[in-house]
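Student: I should like to examine how the descriptive terms applied to a protein model are justified. Could we work through them one by one?

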Amino acid sequence: MTTADPTVKNLDGYGTPPIEWARVHDTLFGRLPQEPGAGGPNRHTTWLATTDPDGKPHVVPFGALVLDDEIFLCSGEGTRKNRNLHRDPRCTLTVATEPFDLTVEGRAERVTDPETLERAAAGFRADGWPATVDGDALTAEFSAPSAGPPPWAVYRLLPERVFAFGTVEPYGATRFDLAPSENRGGTR
């Protein structure tokens with residue numbers, strides 16, 4: 001995602017130093033498994049917030065895929081989440097991990113190139129979801145009950161701002177603003 005350090009703002013009002021970006025980066029772009037007992041608290045659930053046309057927030061859990069410093073998500077073509085992202089790509093991802101509660105603000109970019117779609121499909125398969133590329137989306141024998149029928153659009157989250165709230169010593173709260181040239185995802 002980024003090789004340079006982002007702009008850092010310490011949000012902690014109790015004198016705790018800023019949380020180190022390297023720790024946040026390694027946590028956010030590490031594996032975020034959803035199996036029970038795999039993360040904090042007890043498992044990792046990623047949540048995605050989008051905005052409805054009338055400005056109301058829409059928040060849903062989803063299975064995030066992290067590959068090479070990139071975060072991918074899928075969305076059924078007929079879902080509210082997909083309609084919202086198509087209309088307004090601004091979104092927020094949240095996840096609780098052992099060292100931090102993380103909030104990632106950014107934009108979702110639809111992925112349609114065959115090479116990236118295949119890389120995402122391979123990543124989902126490695127995580128236990130038998131996804132395959134079908135045109136400019138993914139299909140599989142099954143998906144989450146709320147995902148709707150296939151095909152499922154693939155999006156890459158382009159982080160612009162990351163908030164980390166420490167959940168273990170030394171705690172702390174820090175905001176990281178990413179440079180525009182650095183929020184385009186991972187290595188290519």
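The dialogue below sets computed values against the criteria behind each term.

Tutor: We should note first that this is a predicted model. The secondary structure of the protein comes to three helices and eleven strands, in the order β-α-β-β-β-β-α-β-β-α-β-β-β-β from the N terminus. Of the 188 residues in the protein, 47% are buried.

Student: Why is strand E11 called largely enclosed?

Tutor: Strand E11 covers residues 173–177, and five of the five are buried, so the rest of the structure largely encloses this strand. Both directions are involved: Ala173, Arg175 and Asp177 point one way, Thr174 and Phe176 the other way, and all are buried.

Student: How do you know that E1 and E11 pair, and in which sense?

Tutor: At least two bridges are required for two strands to pair. Strand E1 (residues 7–10) and E11 share four bridges, in the antiparallel sense. Lysine 9, for instance, has arginine 175 of E11 as its bridge partner. Strand E10 (residues 152–166) also pairs with E11 in the antiparallel sense, over five bridges; here arginine 161 is matched with aspartate 177. In the hairpin of E10 and E11, six residues lie between the strands, and tyrosine 171 takes a positive phi near 65°.

Student: What makes tryptophan 21 and phenylalanine 176 an aromatic pair, and how is the pair classified?

Tutor: The ring centres must lie within 6.5 Å, and planes that are neither under 30 degrees nor over 60 apart count as tilted. For tryptophan 21 and phenylalanine 176 the values are 4.9 Å centre to centre and 50° between the planes, and the pair is tilted. Tryptophan 21 belongs to helix H1 and phenylalanine 176 to strand E11, 155 residues apart, and the pair thus links distant parts of the chain.

Student: How do you know whether tryptophan 21 is buried or exposed?

Tutor: Buried means under 20% relative accessible area. Tryptophan 21 has a relative accessible area of 8% and is therefore buried. Phenylalanine 176, at 0% relative accessibility, also counts as buried.

Student: Why is the pair of phenylalanine 124 and tryptophan 129 called edge-to-face?

Tutor: The threshold for that term is an angle over 60 degrees. The planes of phenylalanine 124 and tryptophan 129 stand at 90°, with ring centres 5.1 Å apart, so the pair is edge-to-face. Both phenylalanine 124 and tryptophan 129 are buried, and ring pairs join Phe124, Trp129 and Trp152 into a cluster.

Student: What makes the buried residues of H2 line one face of the helix?

Tutor: In helix H2 (residues 80–87), the residues Lys81, Asn82, Asn84 and Leu85 are buried. Viewed down the axis of H2, the buried residues fall within an arc of 160°, so they line one face. They pack against strands E2 (46–51) and E3 (57–62), as well as E5, E6, E7 and E10.

Student: Which residues have the most contacts inside the largest nonpolar core?

Tutor: Val24, Ile71 and Val162 have the most contacts inside this core of 26 residues. Two or more residues each come from helix H1 (21–28), strand E5 (70–76), strand E6 (90–96), strand E7 (100–111) and E10. E10 gives the most, with five residues. A second, separate core has 16 residues, including Leu65, Val111, Leu117 and Trp152.

Technical notes. Residues are numbered from 1 along each chain as its sequence is written. This is a predicted model: local features need pLDDT of at least 70, side-chain atom pairs count only at pLDDT 80 or more; totals for chains, interfaces and linings use all residues. Side-chain values use heavy atoms; hydrogens and water are left out. Buried means under 20% relative accessible area, exposed over 50%, partly exposed in between (1.4 Å probe, protein chains only). A nonpolar core is a set of buried Ala, Val, Leu, Ile, Met, Phe, Trp, Tyr and Cys residues joined through side-chain atoms within 4.5 Å. The arc is that of the directions from the helix axis to the C-beta atoms. Contact means heavy atoms within 4.5 Å. Rings of Phe, Tyr and Trp (its six-membered ring) pair if their centres lie within 6.5 Å; planes under 30 degrees apart count as stacked, over 60 as edge-to-face and the rest as tilted.
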